[in-house]
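Please open the model in your viewer and keep the selection panel at hand. The stops below proceed from one selection to the next.

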Amino acid sequence: TTLAKLAKGSAADLLTMNSGATAPEWAAPGGGGGAWTKTADVDVGSSAVASVSITGAFSSSYNSYRMIVSGMEITNDNQRFNYRWLIGSTEESDSRYKGDYATHAYSHSNHAHETSGNDNYTDVGTLDGVFWLMSGPGYKFGGPGHHFDGVFTINNPSDANSSVSMEGQSLLNGDDSGGIGECVKLTYSHVLYQKRCAITGIKIYATVDDIQNGNITIYGTNV
């Protein structure tokens, strides 16, 4: 019958009931699932920048993450978005980013330009992870007003004994001489970073030119 104040918990703790069902208490997230918790929320800003690095987004608190990117632009045409994993602020830049992607492009005004295709880099590897494809026959992707949106799942980023995988899809608008928004490209991608390490963040940038606008939000959960 005596009131008591519950002190604040640790970062990412959840409020739960104690084992005796007599009072609430803080507890670390369990491994059996739970709500999504925001771990990063970054606005790129309207000024062009070479890259955006999100540090401290991944930790041992969660084993699965969802990254949502909306409204991002590249300052020039027909480029693509790349990424590298970060350990602290250090880039993982060796050639063990490997995976595949499939793209489908659709034109509103010229059906002859509708294409689909896929590619992979499982054999030769690449310096960077690729998770958006911009260029396409008959289209102009990139440049102001052409937005890129995507949702990606990132698994086991903080497990030093595991390879980090990311998969998801992105949608972007372009034009085929009919104006902005006259064609779209849908890209599915699956990437595995074969080095075993615990990454803590991600760097996003374009192959050439700068990026601007848009938002990057990351959520963590246990599954």
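## First stop: Gln212

Select Gln212 and display its surroundings: beyond its neighbours within four places in sequence, this residue contacts Val44, Gly45, Ser46, Ser47, Ala48, Gly71, Met72, Glu73, Thr75 and Pro144. Gln212 belongs to strand E15 (residues 211-212) and is buried, its relative accessible area being 12%. The coordinates are those of a predicted model.

From Pro144, one of these contacts of Gln212, proceed to Ile74. The C-alpha atoms of Ile74 and Pro144 are 6.9 Å apart, although 70 residues separate the two in sequence. Ile74 is in strand E5 (residues 64-74) and is buried, at a relative accessible area of 0%.

## The whole chain

Now colour by secondary structure. The protein has 16 strands and zero helices. Of its 223 residues, 38% count as buried. Among contacts between residues at least 6 apart in sequence, 75% connect residues at least 24 apart. The exposed area is about 11000 Å², of which carbon and sulfur atoms supply 48%.

## The nonpolar core

In soluble globular proteins, nonpolar side chains tend to be buried together. Select Phe58, Met67, Trp85, Ile202, Ile216 and Ile218: within the largest nonpolar core, which has 32 residues, these touch the most other members. The elements that contribute two or more residues to this core include E5, strand E6 (81-87), strand E13 (183-196) and strand E16 (215-221). Strand E5 gives the largest share, five residues.

Centre the view on Ile202. Not counting residues up to four places away in sequence, Ile202 touches Val52, Ser53, Ile54, Phe58, Met67, Tyr83, Arg84, Trp85, Leu86 and Ile218.

## Salt bridges

Side chains of opposite charge can pair when their charged atoms come close. Four salt bridges are present in the structure.

Select Glu91 and Lys203, whose closest N and O atoms are 2.7 Å apart in a salt bridge. Glu91 is in strand E7 (residues 90-91) and Lys203 in strand E14, so this pair links parts of the chain 112 residues apart. Glu91 is partly exposed, at 28% relative accessible area, whereas Lys203 counts as buried at 16%.

Add Lys195 and Glu92, a salt bridge with its closest N and O atoms 3.0 Å apart. Lys195 lies in strand E13 and Glu92 in the loop between E7 and strand E8 (97-107), so the pair ties together parts 103 residues apart in sequence. Here Lys195 is partly exposed at 26%, while Glu92 is buried at 8%. Extend the selection to Arg84: salt bridges with shared partners join Arg84, Glu91 and Lys203 into one network.

Then select Lys38 and Asp41, which meet in a salt bridge of 3.4 Å, N to O. Both residues are partly exposed, Lys38 at 46% and Asp41 at 44%.

## A surface patch

Switch to a surface display and select Leu6, Leu15 and Trp26. Together these form a nonpolar surface patch with about 290 Å² of accessible area. Leu15 is in strand E1 (residues 14-17) and counts as exposed, with 53% relative accessibility.

## Last stop: confidence

Finally, colour by pLDDT. The mean for the protein is 80, and 79% of the residues reach 70 or more. Confidence is highest in E16, at 95, and lowest in strand E10 (residues 129-130), at a mean of 53. Select residues 133-137, where pLDDT is below 50; this stretch has 22 contacts in the model beyond near neighbours in sequence. Where pLDDT is low, the predicted coordinates should not be read in detail.

Key
Residues numbered from 1 in each chain as written. Heavy atoms only, no water. Patch = residues over 30% accessible without salt bridge, like charges linked within 9 Å, V, L, I, M, F, W, Y side chains within 5 Å. Areas by Shrake-Rupley, 256 points an atom, 1.4 Å probe, with all protein chains shown as cover. Salt bridge = Lys/Arg side-chain N within 4 Å of Asp/Glu carboxyl O. Helix = DSSP H or I, 4+ residues; strand = E, 2+ residues; numbered from the N terminus. Buried < 20%, exposed > 50% of the residue type's maximum accessible area, 1.4 Å probe, protein only. Contact = heavy atoms within 4.5 Å. Core = buried A, V, L, I, M, F, W, Y, C linked by side-chain atoms within 4.5 Å. pLDDT = per-residue confidence, 0-100.
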